[in-house]
Amino acid sequence: MKDKPTVEQYLKNIENGDFKAYKCQECDAVVAPPSGACYSCGGTDMEWTSVSGKGTLVSYTVIHVSPDEFVDEVPYYVAIVKLEEWTSVTGRLMGFDPLKPEELEIGMDLVLDYHKGKSGKTYLAFREP
């Protein structure tokens, strides 16, 4: 019996700097973040898979007013990045000044990285290659 992917393991993988997505065993679609069913075919037989870590910027926002947990980190970017595996994930943008959003370009190439916030949690992050 194989282990069923869980949200807890997904977050633990990120905390350990080992991001993984799910791969549908019925249609090979890659899904992230965790879901009970494949976004493409609705299948429920999923397994962990590694990803390339390469993607492009789809959208972003600058957080100036955050939840209490992140107050010491503002301002910061939160972005949606489409991975080469055709799934989109949310993460921080690193190496860019959040007060200069004109430096960003939708469609720009990014690579996966990790950011340890002042809260002590590790987040998915992306930076220029």
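Helices (H or I, at least four residues) and strands (E, at least two) are DSSP runs, numbered from the N terminus. With that in hand, Pro 33 can be placed in the loop between strand 2 and strand 3.

This is a predicted model, in which local features need pLDDT of at least 70 and side-chain atom pairs count only at pLDDT 80 or more, while totals for chains, interfaces and linings use all residues. Residues are numbered from 1 along each chain as its sequence is written, and side-chain values use heavy atoms, with hydrogens and water left out.

**The three-stranded sheet**

Let us start with the sheet that holds strand 2. Strands of a sheet pair through backbone hydrogen bonds, either parallel or antiparallel. Here, 3 strands make an open sheet in the order 2-1-3, and their pairing is antiparallel. Strand 2 and strand 3 (46-50) are the edge strands, each pairing on one side only. Two strands count as paired if DSSP finds at least two bridges between them. Strand 1 and strand 3 are joined in the antiparallel sense over 5 bridges; among the facing residues, Lys 20 stands opposite Ser 50 of strand 3, and Ala 21 stands opposite Thr 49 of strand 3. Strand 1 also pairs with strand 2, again in the antiparallel sense, over 2 bridges. There, Tyr 22 has Val 31 of strand 2 as its bridge partner.

How many of the residues of strand 1 are buried? Buried means under 20% relative accessible area, exposed over 50%, and partly exposed in between (1.4 Å probe, protein chains only). Because 4 of the 5 residues of strand 1 are buried, the strand is largely enclosed by the rest of the structure.

**The loop between strand 1 and strand 2**

The hairpin of strand 1 and strand 2 has 5 residues between the strands, and Asp 28 takes a positive phi near 70° there. Asp 28 counts as exposed, at 51% relative accessibility. Gln 25 lies in this loop too, between strand 1 (20-24) and strand 2 (30-31). With 35% relative accessibility, Gln 25 counts as partly exposed. A polar atom of the Gln 25 side chain lies 3.0 Å from the backbone oxygen of Lys 23. For a wider view of the fold, Gln 25 and Lys 121 are 96 residues apart in sequence and 31 Å apart in space, C-alpha to C-alpha.

**Backbone details worth a look**

Four places in the loops deserve a visit with the viewer.

| Site | Backbone value | Loop |
|---|---|---|
| Ala 32 to Pro 33 | cis, omega near -5° | Pro 33: between strand 2 and strand 3 |
| Val 74 to Pro 75 | cis, omega near -5° | Pro 75: between strand 4 and strand 5 |
| Asp 28 | positive phi of about 70° | between strand 1 and strand 2 |
| Trp 86 | positive phi near 70° | between strand 5 and strand 6 |

Trp 86 is a residue other than glycine, and it is exposed, with a relative accessible area of 67%.

**Helix 1 and Asn 13**

Is Asn 13 buried or exposed? This residue of helix 1 (residues 7-15) is buried, with a relative accessible area of 8%. Leaving aside residues up to four places away in sequence, Asn 13 touches Asp 18, Phe 19, Lys 20 and Trp 48; contact here means heavy atoms within 4.5 Å.

**Strand 4 and its partners**

Strand 4 (residues 54-63) runs antiparallel to strand 7 (residues 109-116), joined by 3 bridges. Lys 54 has Val 111 of strand 7 as its bridge partner. Strand 4 is also joined to strand 5 by 8 bridges, again antiparallel, and Gly 55 has Leu 83 of strand 5 as its partner.

**The largest pocket**

Rolling a probe the size of a water molecule over the atoms shows where empty space is left. A pocket is an open set of points, on a 1 Å grid over the protein atoms alone, where a 1.4 Å probe fits, with protein on both sides within 12 Å along at least five of seven lines; lining residues have an atom within 4 Å of a point. Grid points are joined across faces, edges and corners, and a volume is the space filled by probe spheres set on the points.

The largest pocket holds about 380 Å³ of space. Of its 16 lining residues, Ile 14, Thr 90, Gly 91, Tyr 123 and Leu 124 are the closest to its centre. Helix 1, strand 5 (76-83), strand 6 (88-93) and strand 8 (122-127) each give two or more residues to the lining.

Key:
A polar contact is a pair of N or O atoms within 3.5 Å; within protein, one must be able to donate a hydrogen and the other to accept it, and residues adjacent in sequence count only if both atoms are side-chain atoms.
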